[in-house]
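This briefing gathers local features of one structure, grouped by topic for a reader who wants to check each of them against the coordinates. Please have the sequence and the model open while reading.

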Amino acid sequence: MARRLRPVEVDFVRAAPVRLVFAREITAPPQTVFRALAEDVPGWTQWFSAVTLARPTDDGAGREIRLKGGTRFAETILVAKEPEVYAYRVDETNTPGVRALAEEWRLTPAGAGTRVQWTFAADGTPVFRLVLGLARAGLGRAFKDAVTALDRRLAR
């Protein structure tokens, strides 16, 4: 059953009770990475293995995301500032215990490539917070694998 989450703005990414931050450098330039994140939403299924469906909604102001295992998100884009930041919040999800969730992808030049930083910011019940803390290593691996796959995809 989908639940409506507390609407948050982009500042939540820095103030959330739980913040998981991961970073990796890749060879693709920031503009190319930004376009893959923000403009090719359906393409997420090609490089982020946990994502089974990704489609823009509301004329590009939102996204519908489905993950392996049945997790669903209805999202609102908070920031799409090329080539630096792409951020969104989750408005509805079937994930139990979550009260607020936002993600930010920050892109900075790193030589000829890009330093990709992903911040997963959340609030929820004590059990949700505990589970999210335990999931840190798995989310870090998923990020590393996804960004590596994105870099390979963009090099073609």
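Glu75 lies in strand S5, and this residue is the starting point for what follows. The model is a predicted one, and the values below should be read with that in mind. After strand S5, the briefing turns to the strand pairings of S8 and then to the packing of helix H4 with helix H5.

**Strand S5: Glu75 and Val79**

- With a relative accessible area of 4%, Glu75 is buried, the cut-off for that class being under 20%.
- The side chain of Glu75 is joined to that of Arg63 by a polar contact of 2.6 Å.
- Leaving aside residues up to four places away in sequence, Glu75 touches Ala61, Gly62, Arg63 and Ile65, and also Tyr88, Arg89, Val90 and Asp91.
- Val79 is likewise found in strand S5, which spans residues 72–81, but Val79 counts as partly exposed because its relative accessibility is 21%.
- Val79 touches Val10, Val85, Tyr86 and Ala87 when residues up to four places away in sequence are not counted.
- Although Val79 and Val10 are 69 residues apart along the chain, their C-alpha atoms are separated by 7.4 Å.

**Strand S8 and its partners**

- Strand S8 covers residues 113–124, and eleven of its twelve residues are buried, so the strand is largely enclosed by the rest of the structure.
- Strand S2, residues 18–26, pairs with S8 in the antiparallel sense over nine bridges, and within this pairing the bridge partner of Ala23 in S8 is Gln117.
- Strand S7, residues 98–110, also runs antiparallel to S8 and is joined to it by twelve bridges; here Ala100 has Asp123 of S8 as its bridge partner.
- S7 and S8 form a hairpin with two residues between them, and Gly111 in the turn has a positive phi of about 65°.

**Packing of helices H4 and H5**

- Helix H4 (residues 126–134) packs with helix H5 (residues 136–155) at an angle of about 50°, and their axes are 4 Å apart.
- The two helices, H4 and H5, are therefore oblique to each other, since this angle falls neither under 35 degrees nor in the range from 65 to 115 degrees, and is not over 145.
- On the H4 side the contact is made by Leu132, Gly133 and Leu134, while H5 contributes Arg136, Ala137 and Leu139.
- By residue class, the contact of H4 with H5 divides into four nonpolar residues, one polar and one charged.

Terms used:
Residues are numbered from 1 along each chain as its sequence is written. This is a predicted model: local features need pLDDT of at least 70, side-chain atom pairs count only at pLDDT 80 or more; totals for chains, interfaces and linings use all residues. Side-chain values use heavy atoms; hydrogens and water are left out. Axes are lines fitted to C-alpha atoms, for helices over the stretch in contact, and angles run from 0 to 180 degrees between N-to-C directions. Contact means heavy atoms within 4.5 Å. Ala, Val, Leu, Ile, Met, Phe, Trp, Tyr, Cys and Pro count as nonpolar, Asp, Glu, Lys and Arg as charged, and the others, Gly among them, as polar. Buried means under 20% relative accessible area, exposed over 50%, partly exposed in between (1.4 Å probe, protein chains only). Two strands pair if DSSP finds at least two bridges between them. A polar contact is a pair of N or O atoms within 3.5 Å; within protein, one must be able to donate a hydrogen and the other to accept it, and residues adjacent in sequence count only if both atoms are side-chain atoms.
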